[in-house]
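Work through these exercises with the sequence and the 3D view side by side. Try each task before reading its solution.

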Amino acid sequence: DSSDYPIGDTDKQLISEGIDRILSNLSNRDHDIICMIYGLKGCNEMSFDEIARKFALSGERIRQLSHQLLKTFRTDYVKDFRALLLWLINVVINFN
């Protein structure tokens with residue numbers, strides 16, 4: 001039940017916009033891989049091996065791409081990443 005969570009529609013919209021902004025700079029493949037790994041943008045969360053089969057790659061290659069993309073997020077999008085992370089931490093603390 002969505003009423004169990006302290007995230008309002010405005011907050012959800014801000015999170016969605018932040019994720020869109022970060023993902024918009026990725027190639028279609030990288031965008032899809034990140035969405036599948038983390039269950040974003042309507043994708044079901046999938047394992048590296050499940051994603052690998054969809055892209056005819058190895059699970060290890062998907063892991064490497066995931067690591068590379070997260071490293072890019074941490075360096076190129078630090079401001080957005082930190083802001084989103086701090087907001088999420090605040091939500092969790094206030095929820096408990």
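A salt bridge here is a side-chain nitrogen of Lys or Arg within 4 Å of a carboxyl oxygen of Asp or Glu. This is a predicted model, so local features need pLDDT of at least 70 and side-chain atom pairs count only at pLDDT 80 or more, while totals for chains, interfaces and linings use all residues. Residues are numbered from 1 along each chain as its sequence is written, and side-chain values use heavy atoms, with hydrogens and water left out.

**Exercise 1. Find the salt bridges and describe the partners.**

Step 1. Apply the rule to the model. The count comes to two salt bridges.

Step 2. Take Asp 30. Asp 30 pairs with Arg 29, and their closest N and O atoms are 3.4 Å apart.

Step 3. Check how covered these two are. Buried means under 20% relative accessible area, exposed over 50%, and partly exposed in between (1.4 Å probe, protein chains only). Asp 30 is buried because its relative accessibility is 15%. Arg 29 has 35%, so Arg 29 counts as partly exposed.

Step 4. Go to Arg 63. Its salt bridge is with Glu 60, and the closest N and O atoms are 2.7 Å apart. Arg 63 and Glu 60 are three residues apart in helix α4, so about one helical turn separates them. Arg 63 is partly exposed at 36%. Glu 60 is partly exposed as well, at 39%.

**Exercise 2. List the helices and strands of the chain.**

Step 1. Use the rule: helices (H or I, at least four residues) and strands (E, at least two) are DSSP runs, numbered from the N terminus.

Step 2. Count. The chain has five helices and zero strands.

Step 3. Read the order. From the N terminus on, it is α-α-α-α-α.

**Exercise 3. Decide whether Cys 35 and Cys 43 are bonded or unbonded.**

Step 1. Recall the bond. A disulfide is a covalent bond between the sulfur atoms of two cysteines. The cut-off is a pair of cysteine sulfur atoms within 2.5 Å.

Step 2. Compare. The sulfur of Cys 35 has its closest cysteine sulfur in Cys 43, 4.9 Å away, which is too far for a bond. The count of disulfides is zero.

Step 3. Add the surroundings. Cys 35 is buried, because its relative accessibility is 1%. Cys 43 has 27%, so Cys 43 is partly exposed.

**Exercise 4. Trace the contacts of Ser 66 and His 31.**

Step 1. Set the cut-off. Contact means heavy atoms within 4.5 Å.

Step 2. Place Ser 66. This residue sits in helix α4 (residues 59-76). With a relative accessible area of 5%, Ser 66 is buried.

Step 3. Leave aside neighbours within four places in sequence. Ser 66 then contacts Ile 37, Tyr 38 and Phe 48.

Step 4. Move to His 31, in helix α2 (residues 28-38). His 31 is partly exposed at 24%. Not counting residues up to four places away in sequence, His 31 touches Leu 23 and Leu 26.

**Exercise 5. Which residues form the nonpolar patch on the surface?**

Step 1. Build patches from residues with over 30% relative accessible area and no salt bridge: like charges are joined within 9 Å, nonpolar side chains (Val, Leu, Ile, Met, Phe, Trp, Tyr) within 5 Å.

Step 2. Name the members. They are Leu 85, Leu 86, Ile 89 and Ile 93, with about 380 Å² of accessible area together. Accessible areas come from the Shrake-Rupley method with a 1.4 Å probe; for residues, only the protein chains shown count as cover.

Step 3. Look at Ile 93. It lies in helix α5 (residues 78-95). Ile 93 is exposed, with a relative accessible area of 57%.
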